[in-house]
Each structure stands twice: as structure tokens, then as C-alpha cells.
Amino acid sequence: MKKFLLPILGAILVVGMATIVWASVIGTPHDLAPEPCAMCHTPHHATGEYPLWNRTQADQTYILYESYTFDMGPTGVRPPAGELWSPSSLCLVCHNGVFSQLVNYPGPCSPADSAYDLIVRGCAELGTDLTNDHPIAFVYDDTKDVDGNLFPPAAPNPKNPSRYEIVGAFSTTPYFLYGGDGTVDGKAFECATCHSVHDLANYPGKGDYQVYFLRNDNTGSLMCRDCHTAR
Ligand code: HEC
Ligand code: HEC
Ligand code: HEC
Ligand code: HEC
């Protein structure tokens, strides 16, 4: 018996390491340049927005989702903006279909290189009218829903005490909530609640990255049901 234990442990370790290697932005559709991190972040001369943001465009306004049964918003919630509480604007700077520029180009101090400018077209372009998209940029509060979706309550994020997460009712996947600067109590529901931009999760059997950067496999609409428990 003991003879087998070591090879098995070794195999588990190798599989584990392979997962760590691939759980990254490298090799995904967000691997956009020879220095892929630089397409979104820079160590110096950033825009001043969290987290060391490296991409800019003229101020954008968005039309947010609204409906008679949308109970958690949008009243009192600010539109997506590039601040600690709302990473959605960071996604939208590329996904709104408007020209965006890199701030600090990799390499020696040099004139701006338009090779790094970007407009996303096609399916991945959401536009600036977000009324036909799942609601974002609102404060998650399951007690406000009066339509019987039976949303799970927000739970404190064990790794980040200033923020909360929604623990998926079926999969137990943590869907992260944002903010935590005191203004929105770390319960802001954003693009990154459903998507993992760096593809941090481990998705066994799904190849190098989870399709659409989703936080979970959505087969059987598992993700939707994780939150809309009674639907
Ligand atoms: C396509 C854009 C994009 C690329 C490429 C990207 N990031 Fe990010 N990064 C984001 C966004 C958006 C956030 C904020 C949302 C979040 O934390 O989920 C973020 C947050 C972060 C944070 C702060 C939160 C955390 O997770 O610790 C760090 C650190 C970070 N990125 C490092 C990196 C590094 C290192 C790379 C390259 C290997 C990289 N990022 C590539 C978009 C990007
Ligand atoms: C630097 C610009 C940039 C930023 C910032 C950015 N993206 Fe993207 N994203 C892209 C590009 C370019 C593609 C590839 C589009 C294509 O293939 O048509 C893409 C593709 C995607 C896709 C489709 C992936 C697939 O499997 O086909 C999703 C989903 C996505 N992004 C979500 C996000 C989210 C969520 C954020 C913020 C947390 C974000 N993106 C931030 C540029 C960006
Ligand atoms: C409630 C969860 C949820 C939220 C919030 C969310 N998405 Fe998605 N997104 C999805 C799912 C699920 C898919 C896959 C849809 C499909 O299979 O057609 C997707 C697909 C995408 C795609 C690929 C679209 C395509 O047809 O190729 C992009 C790009 C994207 N999301 C960006 C964003 C951005 C940017 C935000 C914030 C403004 C956002 N998402 C917010 C769940 C979400
Ligand atoms: C991380 C949790 C979460 C996930 C995952 C999620 N939703 Fe939602 N969804 C919400 C919340 C919270 C609301 C706002 C509900 C409210 O205030 O009435 C919402 C709103 C909606 C609405 C608008 C409801 C209205 O009253 O106007 C629809 C439709 C919807 N979601 C469908 C989906 C579908 C389809 C999926 C899967 C692709 C999905 N959701 C994934 C949490 C989630």
C-alpha cells in the first residue's frame, strides 16, 4: 500500500501545479500583448484609479438596467466609475465599444504607441446602454427582493474582511462583491461578481480557461440558479 501512496501524492501535486500555472490571464482572450498585464495595469504613472490602472478614455456615462421588479436598484447607486468600489468601469473601458488608450506604454519613455489602443467590436462589445444587460453597479441586499427569487444572504469574505461574497446555493462558488471603502459596505454587485478577469478559479476539464471567464461552469444554468435559487 505504502508503495503506491508516494506516486499518487506526486500525481496530485503535479495536477495541482498545472492548475496554478494556467489559472492566470496568460493564454486567455485577455492575453492581449507581449506584456499582457500592461494592457490593464502599470507599475508607474498609472491613472490613479485602483488597481494601478493603465487605460483611459474620455468620461463615459452609462444607462443602467431598470425594471418594475428590480428591487435592489438602481436608486441611490452611482453609475460605474473607476474607483475602488466599482471595477465594472474597468471592464467597460474596453467593452463599451469606445476607443481607449494605454497610459503608460511598456518599454523606454517613448511616444504613445497606437498598437496598444483598443476598441472591442462584435459580441464582446456591450456598448454604453446597459439596459439590455444583467444589472450591475448596485448594492446587493437579499432582504430587498420581494419577488421570491430566494437570493442567498451576503456572507463576509473570509479572506477580505472589508468585503462580502454571495456563496452559490448549489455550487458553493463564491461570487465576490466589491467596494468596501465604507460607502457601499463591500456589497457592490459588479461585472467581476460573475466574471474572473484573471481567471483565478480552477475549472477542471475545461481546458486552459473557463469560457467567458465565468466564475463557474454555467451548464444547466448552474450560475443563474446559484443566486436565483427559486427560479
Ligand atoms: C484585461 C484587463 C486585465 C489584465 C490583462 C490584467 N488585469 Fe489585473 N485587474 C483587472 C481588473 C478589472 C481588476 C479589478 C477587478 C478584480 O479585482 O477582479 C484587476 C485587479 C488586479 C489586482 C488587485 C486585486 C487582486 O486580485 O489582487 C492585481 C494585483 C492585479 N489585477 C494584477 C494583475 C497582473 C499581475 C496581471 C498580469 C499577469 C493582470 N492583473 C492582468 C484587469 C486586468
Ligand atoms: C484592455 C481591455 C480589456 C479590459 C480592461 C477587459 N477586457 Fe474583456 N476582453 C477584451 C478583449 C480585446 C477581448 C477579446 C474580444 C474578442 O475576442 O472579440 C475580451 C474578451 C472578454 C470576454 C469573452 C471571453 C471569451 O471566452 O470569449 C469576456 C467574458 C470578458 N472579456 C469580460 C471582461 C470583464 C468582466 C472585464 C472586467 C473585469 C474585462 N473583460 C476587462 C478586452 C478587455
Ligand atoms: C449575473 C452574471 C453576470 C454579470 C453581472 C455580467 N456577466 Fe458577462 N456574462 C455572463 C454569462 C453567463 C455569460 C455567457 C453568456 C453566453 O453563454 O452567451 C457572459 C458573457 C459575457 C461576454 C461575452 C459575450 C459574448 O456574447 O461573446 C462579455 C464580453 C461579458 N460577459 C462582459 C461582461 C461585462 C463587461 C460585465 C459588466 C458590465 C458583465 N459581463 C456582467 C454573466 C454575467
Ligand atoms: C451572483 C448572483 C447572481 C447570478 C450568478 C445571476 N444573477 Fe440575476 N440577479 C441577481 C440579483 C441580485 C439581481 C437583482 C434582483 C432584484 O433586485 O430584483 C438579478 C437580476 C436579474 C434579472 C432582472 C430581474 C428583474 O426583476 O428585473 C434577471 C432576469 C436575471 N437576474 C437573470 C439571471 C440569469 C439568466 C442569470 C444566469 C446567466 C443570472 N441572473 C445570474 C443575482 C444574480
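Which residues are the closest to ligand 4, and how many residues surround ligand 4?

## The surroundings of ligand 4

In this predicted model, a shell of 22 residues surrounds ligand 4. The closest of them are Ser 67, His 134, Cys 224, Cys 227 and His 228. Sorted by class, the shell comprises 14 nonpolar residues, 6 polar residues and 2 charged residues.

Two helices, H3 (191–194) and H4 (222–227), each contribute at least two residues to the shell around ligand 4. The greatest contribution is that of H4, which provides 3 residues.

## Polar contacts of ligand 4

Side chains of Tyr 65 and Ser 67 approach oxygen atoms of ligand 4. For Tyr 65, an N or O atom of the side chain is 2.7 Å from an oxygen atom of the ligand. For Ser 67, a polar side-chain atom lies 2.5 Å from an oxygen atom of ligand 4.

His 134 is placed against a nitrogen atom of ligand 4 instead: an N or O atom in the side chain of His 134 is 2.9 Å from that nitrogen.

## The iron site of ligand 4

The iron atom of ligand 4 has two protein donors, the NE2 atom of His 134 and the NE2 atom of His 228, at 2.0 to 2.1 Å. These two histidines bring together distant parts of the chain, being 94 residues apart. His 134 belongs to the loop between strand E2 (101–102) and strand E3 (138–139), whereas His 228 lies in the segment after H4.

Why is the arrangement around the iron atom of ligand 4 octahedral? The 6 donor atoms subtend angles of 88 to 179°. An octahedral assignment requires six donors with opposite donors over 155 degrees apart and all others between 65 and 115; the donors around this iron atom are therefore classed as octahedral.

His 228, one of the two protein donors, has a relative accessible area of 26% and is therefore partly exposed, since that class lies between the limits of 20% for buried and 50% for exposed.

## The surroundings of ligand 2

Around ligand 2 there are 20 residues, of which His 30, Cys 91, Cys 94, His 95 and Tyr 212 are the closest. The shell divides into 16 nonpolar residues, 3 polar residues and 1 charged residue. Helix H2 (residues 88–95) supplies the largest share, 4 residues.

Two histidine side chains make polar contacts with ligand 2. An N or O atom in the side chain of His 30 is 2.8 Å from a nitrogen atom of the ligand, and the side chain of His 95 likewise has an N or O atom 2.8 Å from a nitrogen atom of ligand 2. Tyr 212 contributes through its backbone, a polar atom of which is 3.0 Å from an oxygen atom of ligand 2.

Definitions and conventions: Residues numbered from 1 in each chain as written. Chains lettered and ligands numbered in written order. Predicted model: local features only at pLDDT ≥ 70, side-chain atom pairs only at ≥ 80, totals over all residues. Heavy atoms only, no water. Near = heavy atom within 4 Å. Polar contact = N/O pair within 3.5 Å; in protein donor to acceptor, adjacent residues only side chain to side chain. Nonpolar A, V, L, I, M, F, W, Y, C, P; charged D, E, K, R; others polar. Donors = N, O, S within 2.8 Å, 3.2 Å for Na, K, Ca; no water. Tetrahedral: all angles 85-135°; square planar, octahedral: opposite > 155°, others 65-115°. Buried < 20%, exposed > 50% of the residue type's maximum accessible area, 1.4 Å probe, protein only.
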